[in-house]
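User: Please take a close look at the salt bridges here, with the cut-offs behind each term spelled out.

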Amino acid sequence: EIDDWLNPDRDRVAVRAAPMLEPLELRDRAAALVPWGRNAYVDLHARPDRSFEIVFAPPPNPVTGAERESGYVALKLDPYTGAELSRRDPSQDKHQVWPVTRENLMDTIRMLHIQLLMGQTGDLILGIVALVWLLDCFVSAYLTLPARIAAAQPVSAPSDARRRSRLSRWAIAWKIRWRASAFRLNFDLHRAGGLWLWGMLFMFAWSSGTFNLQPVFRPVNDFFFEPPPTEPAPLHHGVESTPDFRAALPIARQLMAEQARLHDFKITQEYYIAFASDRQEYVYAVNGDRLFGHQDGTYICFDATRKTVTKLHMPSGQYAGITLINWLSALHMAAFGGIPYKTIVFLMGLAITMLSVTGVYIWWRKRRARLAGARLTPARGRR
């Protein structure tokens, strides 16, 4: 939303009373502009105020058969007329950090958040930070517990009295004394803030690790939550087929409608249709009522010749592992709940900053006290 506000003219077209062209018609018109290109993905959700984008890949290397790294064409068309508005080679797109302008400001902030603007190195750093953060959630919570005091209650005292005594001492950790000294206030904000927000802190650490350190977090997630079955090896036929989307789309709609009836979900919007050449099958995706804030969709893989579904993927209710990851993604990105939950996540960003600052302050004060004590000890010894 902020990016749209900063760049109101990007990818915009004037809304007209005339109907938009069908996505497959737009694909055909784009194919006529790039006759040598290969297209295996069609967006089925055209918007009346936005240009329609479609990407064509170059022919494979005639000697090795390998995919080329450049020569792609991304066309943007007028959705009402099919006229070309612009084209570029998306494989050559490079994120420009400097100078920061209104065109790249939000993308720069996003990449800073995701990768520290350091690519895969940033991914790894943030993944390790997330792992340490997750472990710190448990260590920090443990450190708030009151120490065991053997003499706090006599042995003959009832066990519930001893338990109440420990709980009452732990209750202090949940309180903030606003009129205390600066150090005590910082300490209370850090300790009580961490306790009250522990669930959200744990969720952000867990989801961050799942995004950025998958070799560590995915096996743990799969151990506790049912993962989807392992994908079979791709089928390589040697000769690449040309997809016939016009013939495949009606079949896709019929097969998806059958799956919706069988698995009790509603189709709210078409998403895309694609062709997987390595498996010689189509992929058809829709948005359904089980969707987590449009973070992931329901899709089927199907054989258009046999009119059979080879795979069904749903964002929830099918495999616990997939449901977990989609919940983590939606919670982390505030992808549902509207403005109220977005506000909570925004405030959590401020709270995490507060916990970081107060934590560093407490460490600095304690370190300064230790150093002062170390300097005094030799002086006392000389006396």
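Analyst: What follows describes the salt bridges and the residues that form them. This is a predicted model, in which local features need pLDDT of at least 70 and side-chain atom pairs count only at pLDDT 80 or more, while totals for chains, interfaces and linings use all residues. Residues are numbered from 1 along each chain as its sequence is written, and side-chain values use heavy atoms, with hydrogens and water left out.

The structure holds 18 salt bridges, each being a side-chain nitrogen of Lys or Arg within 4 Å of a carboxyl oxygen of Asp or Glu. One of them joins Asp-4 to Arg-50, with 2.9 Å between the closest N and O atoms. Asp-4 belongs to helix H1 (residues 2–6) and Arg-50 to the loop between strand E1 (41–43) and strand E2 (52–56), so the pair ties together parts 46 residues apart in sequence; helices (H or I, at least four residues) and strands (E, at least two) are DSSP runs, numbered from the N terminus. Arg-50 is buried at 14% relative accessibility, whereas Asp-4 is partly exposed at 32%, where buried means under 20% relative accessible area, exposed over 50%, and partly exposed in between (1.4 Å probe, protein chains only).

Asp-49 pairs with Arg-47, their closest N and O atoms being 3.8 Å apart; Asp-49 counts as buried at 18%, but Arg-47 as partly exposed at 39%. In the salt bridge between Glu-103 and Arg-102 the N to O distance is 3.7 Å, with Glu-103 partly exposed at 41% and Arg-102 partly exposed at 46%. Finally, a network of salt bridges links Glu-25, Asp-28, Arg-29 and Arg-246.
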